[in-house]
Amino acid sequence: MILGARSKDSVMVPYTIDFLREDGSIHETRVVVCEDDDAAIDHAGGLDHQHAMEIRQGDRHVGLVPPVSPPPFHPARRR
């Protein structure tokens, strides 16, 4: 199969990505449509985020992506 091509039998499925605050409450929710669990996890991992993200398909937990830490503050770089 060609990279990026889908077979005629492939089905795109909606996934919910919840951006989680440190206390576990939901900061933001997005719905994405992906071919499978791995694609949904890859999509979430590619988002620029400072919150952990929980990925679900309906009520089923698919994965958890850790937050991306902001770059450390360096006073010498301040202008």
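Q: Helices (H or I, at least four residues) and strands (E, at least two) are DSSP runs, numbered from the N terminus. With that settled, where is the place of D36?
A: D36 is in the loop between β2 (26-34) and α1 (37-45). One heads-up: this is a predicted model, where local features need pLDDT of at least 70 and side-chain atom pairs count only at pLDDT 80 or more, while totals for chains, interfaces and linings use all residues. Residues are numbered from 1 along each chain as its sequence is written, and side-chain values use heavy atoms, with hydrogens and water left out.

Q: OK. Is D36 buried or exposed?
A: In between: D36 is partly exposed, at a relative accessible area of 33%. Buried means under 20% relative accessible area, exposed means over 50%, and partly exposed is what falls in between (1.4 Å probe, protein chains only).

Q: Which residues form the negative surface patch?
A: D36 is one of them, along with E35, D38 and D42. Patch residues have over 30% relative accessible area and no salt bridge; like charges are joined within 9 Å, and nonpolar side chains (Val, Leu, Ile, Met, Phe, Trp, Tyr) within 5 Å. Asp and Glu count as negative and Lys and Arg as positive, with His and the chain ends not counted. Each charge is placed at NZ of Lys, CZ of Arg, CG of Asp or CD of Glu.

Q: Zooming out, what does the secondary structure of the chain come to?
A: One helix and four strands. From the N terminus on, they run β-β-α-β-β.

Q: And how much of the chain counts as buried?
A: Of its 79 residues, 24%. The accessible surface comes to about 6,200 Å², and carbon and sulfur atoms hold 53% of that. Those areas come from the Shrake-Rupley method with a 1.4 Å probe, and for residues only the protein chains shown count as cover.

Q: Switching to charges: how many salt bridges does the structure hold?
A: Three. The test is a side-chain nitrogen of Lys or Arg within 4 Å of a carboxyl oxygen of Asp or Glu. Side chains of opposite charge can pair when their charged atoms come close.

Q: Which side chain does R56 meet in a salt bridge?
A: That of D18, at 2.7 Å, N to O. This pair links distant parts of the chain, with R56 in strand β3 (residues 52-57), D18 in strand β1 (residues 13-20), and their positions 38 residues apart. D18 is buried at 1% relative accessible area, while R56 is partly exposed at 23%.

Q: What about D37, which partner there?
A: D37 pairs with R60 at 2.8 Å, N to O. D37 lies in helix α1 and R60 in strand β4 (residues 60-65), so this pair ties together parts that are 23 residues apart in sequence. D37 is partly exposed at 25% relative accessibility, and so is R60 at 37%.

Q: And E28, which side chain does it meet?
A: E28 meets R30, at 2.9 Å, N to O. E28 is in strand β2, as is R30. E28 is partly exposed at 31%, and R30 is partly exposed at 36%.

Q: What else is E28 in contact with?
A: Leaving aside neighbours within four places in sequence, E28 contacts I17, D18 and F19. Contact means heavy atoms within 4.5 Å. E28 and I17 are eleven residues apart in sequence, and their C-alphas are 8.3 Å apart.

Q: Then what does R30 touch?
A: Not counting residues up to four places away, R30 touches Y15, T16, I17, F19 and L47. The C-alpha atoms of R30 and F19 are separated by 8.3 Å, with their positions eleven residues apart along the chain.

Q: I17 keeps turning up. Where is it, and is it buried or exposed?
A: I17 is in strand β1 and buried, with a relative accessible area of 0%. Beyond four places in sequence, its contacts include V32, H43, A44, L47 and M53. The C-alphas of I17 and A40 are 8.7 Å apart, at a sequence separation of 23 residues.

Q: Last one: T16, buried or exposed?
A: Buried, at 18% relative accessible area. T16 is in strand β1, and past its neighbours within four places it contacts T29, R30, V31, E54, I55 and R56.
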